[in-house]
Each structure stands twice: as C-alpha cells, then as structure tokens.
Amino acid sequence: MSTMAAAAPNTSCSKPSTFPSSCSKTLKPIFSFALPFSPLPHKTTLHRSLHISSSLSQPNPKPTSAAAATAVATTISTTTGQETFVSRFGPDEPRKGADVLVEALEREGVIDVFAYPGGASLEIHQALTRSNIIRNVLPRHEQGGVFAAEGYARSSGRPGVCISTSGPGATNLVSGLADALLDSIPIVAITGQVPRRMIGTDAFQETPIVEVTRSITKHNYLVLDVEDIPIVVKEAFFLASSGRPGPVLIDVPKDIQQQLVIPNWNQPIRLAGYMSRLPKSPDEAHLEQIVRLISESKKPVLYVGGGCLNSSEELRRFVELTGIPVASTLMGLGAYPTADEYSLQMLGMHGTVYANYAVDKSDLLLAFGVRFDDRVTGKLEAFASRAKIVHIDIDSAEIGKNKQPHVSVCADLKVALKGINKILESRSNRGKLNFSAWREELNDQKVKFPLSFKTFGEAIPPQYAIQVLDELTNGNAIISTGVGQHQMWSAQFYKYKRPRQWLTSGGLGAMGFGLPAAIGAAVANPDSIVVDIDGDGSFIMNVQELATISVEKLPVKIMLLNNQHLGMVVQWEDRFYKANRAHTYLGNPSNESEIFPNMLKFADACGIPAARVTKKEDLRGAIQKMLDTPGPFLLDVIVPHQEHVLPMIPSGGAFKDVITEGDGRTTY
Amino acid sequence: MFNLWSFTMTCLLIKSSNAHWGVIYDEDSTGLRSHTLSMLVNDSPGVLNIVTCVMSRRGYNIQSLAVGTKLVQQLNKLIDLHEVRDITHLPFAERELMLIKIAVNTAARRDILDIAGIFWAKAVDASDHTITLELTGDLN
C-alpha cells in the first residue's frame, strides 16, 4: 500500500510513449467540434462516398439530423442543468483523474454509488471521501454491488452506479452486467484497471474487462487519456439511459486516476451514429392504422412488457379508451395495475390460463414494449396464431426478430401511446369500441381457471405467504426476488399497483439477485417498504449482503420461502425426470429433520432480528411482526418442497399443452 | 482547425462466405448466400473485434438471408458503427492485394521480374537475396 501511495504524486505524465498514438489521436480532433451532433451524420455520408467505390454513391436519404437531434436535445437538456454545478475545485486548479471522475458523476446527478475498493480503484474511493454529494453504500461482494445498482435503477428509473477494482473485482460484475443488458436496465459500472504501461502484461489483478464484457454491455470504454474522463462519463450515462437502456462499463487505469489534469466539462458528445439511429417520433399514418385495426377487431389483447414501465399513465388511458384486456410479461408487471378488472395478469410459461387463452384466441395482439421471449411465446408458430400482430418497440432489432408483425412502429412507447390516445380521443364520438363480449369470454376463463393453491395440514403454502404479504402491505411494497419458484409465485400472487415496484432478474434469471436488489431499492426509496421475497437457494448466493443491510441500517425485510430444495429444478425433475433428485437438495443429507443451514444465525451474525414460522396459523402474525419491526428483519418461512408452480406450459409448448393440476406428491 | 471534419473512420468490407468467393449473386447448391456488408465505423481500438464479435457470438453460419438481415440489425446497435449497408445486391468493386516475398539472388532476379511482368505484378522492394512483388486483382 505504501508503495502505491508513494507512486501517486509523480505520475502526471501526459502522454506515455508506450501507447499507440491513434488512441488519443482519434479522440482529440472530435473535441474541437463546435456543434454537438447534428452535422455529423451528414458529413459521414459524404466521407463514405469518397472512400468506397463510386457505384455506391446513392447515399440513403437519411432523415437523421433534425428528428434525432431534437429528440435528443430534450434528453440532453436535463443534464445541462449542470450549468449551475458548483465545483469544489477552482476552474484552473489541477486535480487527480479520480477527482474528475467523481465530479463527473456528481454532474450526472449521482448521489448514491455501490463501490467496493481494491488496489486499482482506491484512488476513486479516496476521491469519493472528498465528495460531500455522493454516498457510498459498501456492498460485501462486487456482485452484490452491481445487483444493488440494478435494484436502484429498476426501482427509481435513474441509472445505478457501481464501482469495483480491476481483475476479480471487475469479473465479479459480469453477472450483473449481463442481467442489466437482458432486462434493459440503465447502470454505469466503473472498474479500476492496472496502469496503462502494465496493460497486456498479465499484471497482478489484470483482466481485459472491456473485452470480457463486450457482448454483455450496451457499450464500454477503456479510458486512455485523462482528458477524456468528462466526456466518457457523460456519454456513458447518456447511452445507459437513452433509447433501449442498458449497462455501460468504464475501465479506468490507475495511472489515469492519479494523473493531474484541468478538466474540460464542455466537450460535446460524439455519438453521431447512435444518435442517428435513435427512434424518431412515430409516423401518424401507422398510428392511424393501429387504431383502424383495433376498431376492426373483435378479440384484441394487449401484451405489455418492460418497455411500458415509463408509460404507465398512457397505457391506463389507452385501456380506458379502448377497454382492451391487458396481459403483462414478467418484466412489465405493474405497468398496468395487476388487480384491475381489465388485467389478465402475467402471460407465458407460468402465466395465468386466461392471459394465455386471450392471446391464443385473440384476433389482434398489441405487443407494446416486448420482445417475444421464449418464456412468453413457447412454440412460436402456435403463439397468437389467429391474431394480427402490432409491435411497438424502441429497439428496431426486436421488431420481426421472433414474430413477424403486421404493423410495426419503432418508437418510444410513451410517444406512440400518446399519439394513439389522441387519435382515439378525437374519434371517440364516432362509434365507440365495444369488446364486452370478448371480456365476458375471458371472465369465464378467470372463473374457471383462477390462480389457486392447495393447503396440506399445518404446512404453509408458499403462495399463501405471498398473498398474506400482499394483504398486509396493501400491495404497496417494493418486492425483489431471487430466481425460481418463489419468483414465479411472487409474480402471480402479489398484486402490483404501479411500475418499478417489482424487481426481478427476468432475462438472465440470476439467483442471488433479491437481497442486493432490495438494498438498491431501499437506498433509492428510503420511505418505501422493501421486501425481498427469496428462496433458500437464491438467498444464500448473496447472503453476505446482510452485513451491508445491517451497517447501512436499511429497512429491508426478507421473507424467505425455505423449502430446503432448489424448488424449480425439483419441479422439473418431478415432471420430466421421474422425480430423480440430482443435487437439488440444499439441506444437510445426514440430518434431514433439521432445517439447514440455520438462516436465523446468518441474520444473528449481522445483528438483524429474525424469526422462523412453520405453521399456517402463525404466518399472518409473523409477517405482521416482520413489517412492524423497525429496520431490517428476516422471516424464515418453512414451506413444503412438493409444491409446483402452476399453471405451466412446458418449454416449447403451446397453449393447449397447459398444465393446471398436480404437484410433487403425485408421480408422473 | 485542421482536423475539424476529419472524424477518422475506417471502411470495412465484411464478406461472409466459404468456398464461393466471387459467386455472390447466385445462391449456391446449399441454398446459402454470401453477403457483403459495407460498414463505416469509428477508428477506435478493438473496433474490428467489436464488429466480428457480433457475428461470431451467434455461433452459426451467417449466410442465410434471414440471418443476414438480423445481423445488420444487430450491427446497427453498435455504438462505434456509423452506418452498415448490405451491398450484396448493389454493384460494387471488390479487389484483393497480395504481397509476395521471393528468396532470389541478383543473378536470377531478371527472370523473376520477367514472370512478374506477365502477370502484371509490380516489384515494391528488392535486396541482394530477396525481391517483393505486389499483385492486385479481383477475387476470382
């Protein structure tokens, strides 16, 4: 440590000769642009035709500049509120790269980070201690840090920030970055890197994290010039939160963190290509066409996903105007109130019978902010096979990826829905839409196939525990989960009222997500009730974060549905592998009568109050006690492992294959 | 001021094909089709890797037309990419360049240059024991 500290003052070399000059050369000229982006796409077209043979010289008419620039300008202007930002440093005062980095975060409005220090990032941590704006919540594992940043982003909509050191610290971020990419969550991950001169030498704690994370980030940066820090951070936050959101990683070598510099905060963003591809405002004609399709249809159904989380109001208005029933994906839960009469709840593999029935029988599928994931569609050919499909998504690559739509709009759903609503409102006096017969048909299905569970003696049905939690929190808690049966039950039995109330690892399905995500949610929403509904397998994967919860005094409630098994895999074993247990028992095989591990002792070790409940009659009181106890609380709910998540459409199956009966007490 | 508009960029011609170089307008016997994409990308470190990563991560051949279209959409998501175009069905020129270094002493050099002349090769370097020839042509 002392050698590192001693090295600090004399590292202000401005251009190390070991690096290919192209690195700085490519960045430098761009800074001199006076105008941010609008002229760029234009110029590139000209430039290109000079380079490629003349037979190519029919440049696509690019409707880029105007529309993109205006769309973007609105987003940017939110960040230009920093004109009023008061720096701790004088305008001509040299400061370390790490201080520039921290100030850049401050200028992006960051107030909380989840950072775990190490040799290559301690400069950043030192700088963080000099900031009186940013609070660091210290996770106990970098994976906890990145999942917490995700929980922060998912629950607030603001980008989450996590920081780790090089090498193992950086590789520990991998699961979280992949998770954020698959669920389109805006996070900015900052990693320390070995000093530039040591990159590529297999130095201590060196990994090429930019290479490692290339395909699991929206974009990533290796900072090779200290002067680039302000613009790289600005771009990273813009990329993370614009268009289809996603994770962005910034790798900062240690010598750059230490190098002294006077930052230039006024460098314009250099994302010409990206800007030109950001979705434009939707074409009025397309929206008209959608409205026409709706009025021609008899059995329309909405299929809404994570892309609707920012358009909750517009979606409600749309349903109000049309009376079309709403089926939600796992990611979209809460975008439309789950308990509402028009809601069909979740669709897909473990969706309700009536949601999947609606899609199967519908003649018009309105796919808004969704990506036709295999857990939703099952067999693609059989999915919505009777329906015309309207697909609205912000990511053009999703349109037509799995299902060919009849009408598609690549746009921000909020804008598109506003447009559609406007058209609907203007024509509301001409022939009202009436889908009551269709809704009647669906209500019959709701009555015939409600979500249900059975009770066996005194044992606590896990679904019931979630139902009681829903009642006692009045459906207002922020819920995070791990992955598996408890996750599906939490999706089915908790009635979400608003978006950003439901935090779950959907696309990646990363166990261990629940506890750290709850930390992030509690930090971002200090006045909300945050409950991590977890499984015993998922909980123990990031159990170390109990320490974080304890010392940060975060009021995170943990309701553990403990069945001593890897429940979802057990369910598959029961159904498809003749109930042969293949390493899915998580208790102690030599003493099966005792609950193992004793989760209460983990809580105790961290000074967190905890209780165990095993009987159904004691459950309500136990949950009430958990909610009434100030600060964190762990409730270990012992549940039978024979329960199956139902309904279930086996993977690759169609609606007709739906299973609604049975559990692990039956043999198949 | 000098560099005001010289946003340094590289043009890449990416061709996915196996044995049928040059036969780009016809479907081969397997029903697969080669695609030629033209891309304009930032001249940033590792950019070639970024582009090829999109192709290689699929793990399958990228020759079928449907996959070709999807590939273009995936490439469009790259921040470092300015523009990608599938120019398979557009007229374009495609050339290859070869540099050949031959171990030859000064006595035999004349013979080599005579042969090179027949094939329109150009000498670009010579020493007392080697000569380097440059050869360009289309891909057939």
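User: After which strand of chain A does the segment that holds Pro647(A) come?

Analyst: In this predicted model, the bond that joins Leu646(A) to Pro647(A) is a cis peptide bond, with omega at about -5°. As for its place in the chain, Pro647(A) belongs to the segment that comes after β20.

User: Between which two helices of chain A does the loop with Pro597(A) lie?

Analyst: Another cis peptide bond runs from Phe596(A) to Pro597(A), and its omega is near -10°. The loop in which Pro597(A) sits is bounded by two helices of chain A, namely α25 (567-576) and α26 (599-605).

User: How many helices and strands are there in chain A?

Analyst: Chain A has 668 residues, of which 52% are buried. When its contacts between residues at least 6 apart in sequence are considered, 76% of them join residues at least 24 apart. The secondary structure of chain A amounts to 27 helices and 20 strands.

User: In what order do the elements of chain B run from the N terminus on?

Analyst: Chain B has 140 residues, and 15% of them count as buried. Of the contacts in chain B between residues at least 6 apart in sequence, 63% join residues at least 24 apart. The chain comprises three helices and six strands, and from the N terminus on these follow one another as β-β-α-α-β-β-α-β-β.

User: Is Trp120(B) buried or exposed?

Analyst: Trp120(B) is not a glycine, yet its phi is positive, at about 60°, and its place is the loop of chain B between α3 (109-118) and β5 (122-126). The cut-off for an exposed residue is 12 or fewer other C-beta atoms within 10 Å. Because Trp120(B) has 10 such atoms within 10 Å, it counts as exposed.

User: In chain A, which helix and which strand enclose the loop that contains Asn474(A)?

Analyst: Asn474(A) has a positive phi near 60°, although this residue is something other than glycine. With 10 other C-beta atoms within 10 Å, Asn474(A) is exposed. The elements on either side of its loop are α20 and β15 (478-481).

User: How far apart are the end C-alpha atoms of helix α7 of chain A?

Analyst: Helix α7 covers residues 142-156 of chain A, and 14 of its 15 residues are buried, so the helix is largely enclosed by the rest of the structure. After α7(A) comes Gly157(A), which has a positive phi near 85°. At 1.5 Å a residue the 15 residues of α7(A) should span 21 Å, and this agrees with the separation of the end C-alpha atoms, which is 21 Å.

User: Why can the buried residues of α27(A) be said to line one face of the helix?

Analyst: Helix α27 (residues 616-628) of chain A has 13 residues that should span 18 Å at 1.5 Å a residue, in agreement with end C-alpha atoms 19 Å apart. Its buried residues include Ala622(A), Ile623(A) and Met626(A). Viewed down the axis of α27(A), the buried residues line one face because they fall within an arc of 100°.

User: Against which elements of chain A do the buried residues of α27(A) pack?

Analyst: The face of α27(A) turned away from the buried side carries exposed residues, and these are Glu617(A), Gly621(A), Gln624(A) and Asp628(A). On the buried side, the packing partners in chain A are α20 (462-472), β18 (556-562), β19 (610-613) and β20 (633-638).

User: How far apart are the axes of helices α16 and α19 of chain A?

Analyst: Two packed helices are described by the angle between their axes and the distance between the axes. In the crossing of α16(A) over α19(A), the handedness is right-handed. The contact involves Val353(A), Tyr354(A), Tyr357(A) and Ala358(A) of α16(A), together with Leu442(A), Gln445(A) and Lys446(A) of α19(A). Helix α16 (residues 353-361) and helix α19 (residues 436-448) of chain A pack at an angle of about 145°, and the distance between their axes is 9 Å.

User: How far apart are the end C-alpha atoms of residues 482-637 of chain A?

Analyst: An unreviewed UniProt entry gives residues 482-637 of chain A the annotation "domain: Thiamine pyrophosphate enzyme TPP-binding". Within this span the chain is 40% helix and 15% strand, and the end C-alpha atoms are separated by 15 Å.

Definitions and conventions
Residues are numbered from 1 along each chain as its sequence is written. Chains are lettered from A and ligands numbered from 1 in the order in which they are written. This is a predicted model: local features need pLDDT of at least 70, side-chain atom pairs count only at pLDDT 80 or more; totals for chains, interfaces and linings use all residues. Helices (H or I, at least four residues) and strands (E, at least two) are DSSP runs, numbered from the N terminus. The expected span of a helix is 1.5 Å times one less than its number of residues. A residue is buried if 20 or more other C-beta atoms lie within 10 Å of its own, exposed if 12 or fewer, and partly exposed in between; C-beta atoms are placed from the backbone. The arc is that of the directions from the helix axis to the C-beta atoms. Two residues are in contact if their C-beta atoms, placed from the backbone, lie within 7 Å. Axes are lines fitted to C-alpha atoms, for helices over the stretch in contact, and angles run from 0 to 180 degrees between N-to-C directions. A crossing is left-handed if the near helix is turned anticlockwise from the far one by less than a right angle, and right-handed if clockwise. UniProt positions are given in the numbering used here, feature names are shortened, and annotations may be inferred rather than shown by experiment.
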